[in-house]
Amino acid sequence: MVVRHTRPARVRVAGRPDDVPDDVEVVVVEVAVDGVAAPDWLSRLAAKAAHSPVPTALRPPANGAGRSAAVLLLFGEGPQGPDILLIQRSSKGRVHAGQPAFPGGGVDPGDGGPVGAALREAGEETGLDPAGVEVVGTMPELYIWHSDNRVTPVLGWWHTPCAVHAASPDEVETVERVPIAELVDPANRLRLRHPRGVVPSVAFRVRGLLVWGFTAGVLDGVLTAAGFERPWDRSRIEDLPPEVVDLSARR
């Protein structure tokens, strides 16, 4: 006999229902609560990302220094297939001015942790309705020395999309749903050389955005882990534009 155990897609359940005998096969059927259930590739990515190694340059200080923060890697299904939500921070800002980024910010006492902070910040910055998001996992904490933030990337599935916009103009200039197909297009991949002379780092040029730094590094790792990456010319190296360098130097 087979028992079909139906559960909401936003609830992650391990094991089998308590009232089903051990000799009965259980088939778990995922049903979206308000929209489309999270795709298998995202569930696999979340399981893999939870234990992904942290590069030496991004390891949080052992003494616990740094401000707790979180970003939301929000994946959805758009007209061109899977996409991810990105923002461009205001050029008027003090830290990370003008840079493309994931929605996110510092963890406040009332957030209950990184997940709550990522959803709250995304709502404040883009008008996102958190009720339309299924959180599928988190990645290990990463440290950004420039802003002294210990950042937890939160992986989300946008099962019920809503309209988004630059809801906080003082912090955000633009909001974009960027198709994964555009991010992995070899024509949109490059590496950028910083005038400080550090090793050139990965970058993306999409939708009028030059995605670089921390955001590009996380994106590159996630796209590779999800199996989306396509071969691209890593010898394509450009200098970081002077205006971008000037904005990034703000403190």
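**Exercise 1. Describe how helix α4 is placed against the strands β11, β12 and β13, and examine the helix itself.**

Solution. Step 1: Helix α4 (residues 213-225) lies across β11, β12 and β13, and it runs at about 90 degrees to β12. Helices (H or I, at least four residues) and strands (E, at least two) are DSSP runs, numbered from the N terminus. Axes are lines fitted to C-alpha atoms, for helices over the stretch in contact, and angles run from 0 to 180 degrees between N-to-C directions. Contact means heavy atoms within 4.5 Å.

The model is predicted: local features need pLDDT of at least 70, side-chain atom pairs count only at pLDDT 80 or more, and totals for chains, interfaces and linings use all residues. Residues are numbered from 1 along each chain as its sequence is written, and side-chain values use heavy atoms, with hydrogens and water left out.

Step 2: Check the length. The expected span of a helix is 1.5 Å times one less than its number of residues. For the 13 residues of α4 this gives 18 Å, and the end C-alpha atoms are 19 Å apart, which agrees.

Step 3: List the buried residues. In α4 these are T215, A216, V218, L219, D220, V222 and L223. Buried means under 20% relative accessible area, exposed over 50%, and partly exposed in between (1.4 Å probe, protein chains only).

Step 4: Look past the end of the helix. G227 follows α4 and has a positive phi, near 85 degrees.

**Exercise 2. Determine the strand order of the open sheet of 4 strands, and state which strands stand at its edges.**

Solution. Step 1: The order is β13-β12-β11-β14, with mixed pairing. Two strands pair if DSSP finds at least two bridges between them.

Step 2: β13 and β14 (237-239) stand at the edges; each has a single partner strand, so one side of each is left without a neighbour in the sheet.

Step 3: From one strand to the next, the twist averages 40 degrees.

Step 4: Strand β11 (residues 189-193) pairs with β14 in the parallel sense over 3 bridges. R193 stands opposite D239 in β14.

**Exercise 3. Analyse helix α2 and identify what covers its buried residues.**

Solution. Step 1: Helix α2 (residues 114-126) has 13 residues, which at 1.5 Å a residue should span 18 Å; its end C-alpha atoms are 18 Å apart, which agrees.

Step 2: A117, A118, L119, E121, A122, E125 and T126 are the buried residues of α2.

Step 3: Their cover includes β3, β4 (81-89), β6 (104-106), β7 (133-138), β9 (149-158) and β10 (172-179).

Step 4: After α2 comes G127, with a positive phi near 80 degrees.

**Exercise 4. Find which residues of the largest nonpolar core touch the most other members.**

Solution. Step 1: A nonpolar core is a set of buried Ala, Val, Leu, Ile, Met, Phe, Trp, Tyr and Cys residues joined through side-chain atoms within 4.5 Å. The largest has 37 residues, of which L73, F75, I84, L155 and L183 touch the most other members.

Step 2: Take I84 as a case. Leaving aside residues up to four places away in sequence, I84 touches L73, L74, F75, F102, E176, R177, V178, I180, L183 and L219.

Step 3: Apart from this core lies another, of 16 residues, among them L72, A118, L128 and W158.

**Exercise 5. Locate the loop residues S90, T56, D148 and R207, and classify each as buried, partly exposed or exposed.**

Solution. Step 1: S90 lies in the loop between β4 and β5 (100-101). At 3% relative accessibility, S90 is buried. Beyond residues up to four places away in sequence, S90 touches A97, G98, P169, D170, E171, V172 and E173.

Step 2: T56 is in the loop between α1 (40-49) and β3 (67-78). T56 counts as exposed because its relative accessibility is 60%. The C-alpha atoms of T56 and L142 are 9.8 Å apart, although 86 residues separate the two along the chain.

Step 3: D148 is in the loop between β8 (142-144) and β9. D148 is partly exposed at 33% relative accessibility, and its phi is positive, about 60 degrees, although D148 is not a glycine.

Step 4: R207 is in the loop between β12 (201-206) and β13 (209-211). With a relative accessible area of 36%, R207 is partly exposed. R207 is not a glycine, yet its phi is positive, about 50 degrees.
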